[in-house]
Amino acid sequence: MIAILDYGSGNVRSAQRAFETSGKNVILTSDYEVALNADGLVVPGVGAFAACMQGLRNVRGDQLVRERIALQRPTLGICVGMQILFAHGVEHGNHDGVGVWDATVEKIQAPILPHMGWNTVVAGSGSALFAGIEEESFYFVHSYAVKKKVGAIATMSHHGQDFLAAIEDGVIAATQFHPEKSGDAGLQLIKNWTNRL
């Protein structure tokens, strides 16, 4: 069973529909024990870093993510759900994140922001998420990102400058883009993740 964490961040229904294409049972939940014991947990995110982080704390989602990592249970962050997994974010002030990785989510230096639309990625060597879809494009909507390679397998993209598009690090993974809005390639990435649960 896959749990999509419902912590007031929006976009959960489209994520639920996309993950259901994997053939797995998918539920929306804010229940700590249900989310803790799910085969896979998805942390979506739409909006600003601080607001998402506050919503996450309201359901003890920060503690939940850390506990799932300690128990070696797969977790996937999406968009701002990826950003809040890092130590810090600077959108509308300095804010603490979950702290899974020691990096800061910063504003992208680009002529046009937000970075909105389709973009290619350079999949990290040995990536399981991008198996078979290394040359595809994915749908991004963001103005902030981590600007360095982090984790065991880092996938990068470029908009004005290089930024981290996805990360795979043991049982935890995350994408800056929205796989649920990325057509067939996004659905394949979801299947690649769910097939490993």
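## Two sheets and the helices around them

Leu41 stands opposite Thr75 in strand S4. That is a good place to start looking around. This is a predicted model, in which local features need pLDDT of at least 70 and side-chain atom pairs count only at pLDDT 80 or more, while totals for chains, interfaces and linings use all residues. Residues are numbered from 1 along each chain as its sequence is written, and side-chain values use heavy atoms, with hydrogens and water left out.

**The seven-stranded sheet**

Leu41 and Thr75 belong to a parallel pair: strand S3 (residues 40-43) and strand S4 (residues 75-78) are joined by three bridges. Two strands count as paired if DSSP finds at least two bridges between them. Strands (E, at least two residues) and helices (H or I, at least four residues) are DSSP runs, numbered from the N terminus.

S3 and S4 are part of an open sheet of seven strands with mixed pairing, in the order S2-S1-S3-S4-S13-S12-S11. Why do strand S2 (26-29) and strand S11 (153-159) each have one side without a neighbour in the sheet? They stand at the edges and each has a single partner strand, so nothing in the sheet flanks the other side. On average, neighbouring strands here are turned by 25° against each other, direction ignored. Such angles run from 0 to 180 degrees between N-to-C directions, with axes fitted as lines to C-alpha atoms (for helices, over the stretch in contact).

**Two helices with a buried face**

Helix H4 (residues 61-70) lies across strand S1 (2-5), S3, S4 and strand S13 (172-175), and runs at about 145° to S3. Which residues of H4 are buried? They are Gly61, Asp62, Leu64, Val65 and Arg68. Buried means under 20% relative accessible area, exposed means over 50%, and partly exposed is in between (1.4 Å probe, protein chains only). Viewed down the axis of H4, these buried residues fall within an arc of 160°, so they line one face of the helix. The arc is taken from the directions that lead from the helix axis to the C-beta atoms. A general rule helps here: an α-helix has 3.6 residues a turn, so residues three or four places apart point the same way.

The buried residues of H4 pack against S1, helix H2 (32-37), S3, helix H3 (49-58), S4 and S13. Contact here means heavy atoms within 4.5 Å. Just after H4, Gln72 takes a positive phi of about 60°.

Now turn to helix H1 (residues 12-20), where Val12, Ala15, Gln16, Ala18 and Phe19 are buried. Down the axis of H1 they fall within an arc of 165°, so they too line one face. Arg13 and Arg17, on the other side of H1, are exposed. The buried residues of H1 pack against S1, S2, S3, S4 and helix H6 (183-194).

**The four-stranded sheet**

Another open sheet has four strands in the order S6-S5-S7-S10, again with mixed pairing. Its edge strands, S6 and strand S10 (144-145), each pair on one side only. Strand S5 (residues 86-89) runs parallel to strand S7 (residues 101-107), joined by three bridges, and antiparallel to strand S6 (residues 95-96), joined by two bridges. Gly89 takes part in both pairings: its bridge partner in S7 is Val105, and in S6 it stands opposite His95. The hairpin of S5 and S6 has five residues between the strands, and there His92 takes a positive phi near 55°.

**A buried histidine**

His142 lies in strand S9 (residues 137-142) and is buried, with a relative accessible area of 5%. A polar atom of its side chain lies 2.9 Å from the backbone oxygen of Tyr144. Beyond its neighbours within four places in sequence, His142 is in contact with several residues, including Gln83, Phe163 and Gln176.

**Two cysteines**

How many disulfides are there? The count comes to zero, where a disulfide is a pair of cysteine sulfur atoms within 2.5 Å. The table shows two cysteines whose closest sulfurs are too far for a bond.

| Cysteine | Closest cysteine sulfur | Relative accessible area |
|---|---|---|
| Cys52 | Cys79, 8.3 Å | 4%, buried |
| Cys79 | Cys52, 8.3 Å | 3%, buried |

Terms used. Polar contact = N/O pair within 3.5 Å; in protein donor to acceptor, adjacent residues only side chain to side chain.
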